[in-house]
Amino acid sequence: LLISEDTIKSNTTISDNLEGKVLYSTIQRVQDIKLQAIIGTELYRGLQERIVNNTLTDADKYLLDVFIQPFLLESIIADLYFESAGQLHNAGLIQPNDQHYYQVDRDNRLTLQEQHLNYADQYKKLMQQYLSENQKLYPELEGTDLDYLYPEQLYSAADCPIWLGGVVGKK
């Protein structure tokens, strides 16, 4: 993993009591699906390998600390608003109810999720700009066409719920 459970719990509003298996699966999914789509499979696997082998470069550490981990924090929180709202059992989806806490309703969860997704999008943009400007620091990116990292392509019809028609980027 590119971020630890402890890092997430100490830097977010996530309860220390949240089960590790719920958090672990969310971390893994966000890394595999969202982060890998941003930085590319080769860099993603390269970072994982260098973490395991304890051979991270200063550039790797900077990328992880300044861009990847903040992106992961916000994305993981956004996913957890609904992931932690219920548990799947033999009887179906069960919503835990503790007498000392009140469940946040769906509309408020959506509002909070949207806020964290907006933060994650901003970290995504910063990460893409950084990688675009510092491609030579990462061997996995050398010779790679980084058109997908340029800021003008960050918010296309694929990312935005509002599409006004026409070709993205054309005036």
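## A walk through the chain, starting at a bent helix

Select helix α2 and look along its axis: there is a kink of about 35° centred on Gln31. Keep in mind as you go that this is a predicted model.

**Stay on α2.** The helix covers residues 20–39. Show the side chains of Val22, Leu23, Thr26, Ile27, Val30, Gln31, Leu35, Gln36, Ile38 and Ile39, which are buried. Note that Gln31, at the centre of the kink, is on that list. What lies over these residues? The cover includes α1, α3, α4 and α5 (106–133), so switch those helices on around α2. Then step just past the end of α2 to Gly40, which has a positive phi of about 90°.

**Zoom out for a moment.** Colour by secondary structure and you should find five helices and two strands. Traced from the N terminus, the order is α-α-α-α-β-β-α. Of the 171 residues in the chain, 36% are buried. Among contacts with a separation of 6 or more, 65% are between residues 24 or more positions apart. With the surface on, you are looking at about 11,200 Å² of exposed area, 50% of it supplied by carbon and sulfur atoms.

**Now the charged pairs.** The structure holds five salt bridges, and here are some to visit.

Go first to helix α1 (residues 5–11) and select Lys9 and Glu5. They form a salt bridge whose closest N and O atoms are 3.0 Å apart. Why can these two reach each other along one helix? They sit four residues apart in α1, so about one helical turn separates them. Check the surroundings too: Lys9 is buried at 12% relative accessible area, while Glu5 is partly exposed at 31%.

Next, select Asp79 and Lys34, which meet in a salt bridge with an N to O distance of 3.0 Å. This pair links distant parts of the chain, with Asp79 in helix α4 (residues 58–83) and Lys34 back in α2, 45 residues away. Asp79 is buried, with a relative accessible area of 17%; Lys34 is partly exposed, at 27%.

Then move to Asp60 and Arg50, where the closest N and O atoms of the salt bridge are 2.6 Å apart. Asp60 lies in α4 and Arg50 in α3, so the pair ties together parts that are ten residues apart in sequence. Are these two partners buried or exposed? Both Asp60 and Arg50 are buried. Add Glu140 to the selection before leaving: salt bridges with shared partners join Arg50, Asp60 and Glu140 into one network.

**Finish by colouring on confidence.** The chain averages a pLDDT of 81, and 73% of the residues score at least 70. Where is confidence highest, and where is it lowest? The top is helix α3 (residues 41–52), with a mean of 96, and the bottom is strand β2 (residues 92–94), with a mean of 56. So Arg50, which you just visited in α3, belongs to the helix with the highest mean confidence.

Last stop: residues 150–158, where pLDDT stays under 50 and the model has 14 contacts beyond four places in sequence. A little further on, residues 161–165 also stay under 50, and for these the model has one such contact. Where pLDDT is low, the predicted coordinates should not be read in detail.

How values were computed: Residues numbered from 1 in each chain as written. Predicted model: local features only at pLDDT ≥ 70, side-chain atom pairs only at ≥ 80, totals over all residues. Heavy atoms only, no water. pLDDT = per-residue confidence, 0-100. Contact = heavy atoms within 4.5 Å. Salt bridge = Lys/Arg side-chain N within 4 Å of Asp/Glu carboxyl O. Buried < 20%, exposed > 50% of the residue type's maximum accessible area, 1.4 Å probe, protein only. Bend = angle between axes of the 7 residues up to and from the residue. Areas by Shrake-Rupley, 256 points an atom, 1.4 Å probe, with all protein chains shown as cover.
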